[in-house]
Amino acid sequence: MNVGDVIPALTKDEITRTTLSLFAGASGDHNPIHIDIDFARKAGMKDVFAHGMLSMAYLAQTVTNWVPQTALRSYGVRFSAITHLKDRITCSGEIIEKFEENGETRVRLKLQAANQDGEVKLVGEAVVALP
């Protein structure tokens, strides 16, 4: 694995109300902006929208589909746009650095999650130890 190599992309199913409801239950995040259309409209939104942590979880899944979770040394993201209903999120990553630390060969990944129109919803980085 070398700088410039990409990890396998992950495309998730379309975001639906069911997706949001299931994520709210699993995460314990029942903020009504994500599940109650009346609340969302009162807040100035056209409809409910996805939890930021849902896209963050998708992006993390992309990394842990590539390496075991035990290889993950750091993970961080920055939210850049709202993920709406019917968005189909594709997560991708690229190796941007390879280095040695604490007796391990590690790589730093540049990550992103974008919808079907290429609108970036989330950017981040992860560091993983290589076998």
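Visitor: So a salt bridge is a side-chain nitrogen of Lys or Arg within 4 Å of a carboxyl oxygen of Asp or Glu; how many are there by this rule?

Guide: The count is 8. This is a predicted model, so local features need pLDDT of at least 70, side-chain atom pairs count only at pLDDT 80 or more, and totals for chains, interfaces and linings use all residues. Residues are numbered from 1 along each chain as its sequence is written, and side-chain values use heavy atoms, with hydrogens and water left out.

Visitor: OK, what does E125 pair with?

Guide: R108, at 3.6 Å from N to O. E125 sits in strand 5 and R108 in strand 4, 17 residues apart (strands are DSSP E runs of at least two residues, numbered from the N terminus).

Visitor: Is E125 buried or exposed?

Guide: Partly exposed, because its relative accessibility is 36% (buried is under 20%, exposed over 50%, partly exposed in between, with a 1.4 Å probe and protein chains only). R108 is partly exposed too, at 23%.

Visitor: And what about D87 and K121, buried or exposed?

Guide: Both are buried. D87 and K121 form a salt bridge, with the closest N and O atoms 3.4 Å apart. D87 lies in the loop between strand 2 and strand 3, while K121 is in strand 5, 34 residues apart.

Visitor: Which residues are linked in a network of salt bridges?

Guide: R73, E101, E104 and R106. Within that group, E104 and R106 have their closest N and O atoms 2.7 Å apart. R106 counts as buried because its relative accessibility is 8%.

Visitor: New topic: what is I15 in contact with?

Guide: Leaving aside neighbours within four places in sequence, I15's partners include L20, L54, Y58 and D87 (contact means heavy atoms within 4.5 Å).

Definitions and conventions
Helix = DSSP H or I, 4+ residues; strand = E, 2+ residues; numbered from the N terminus.
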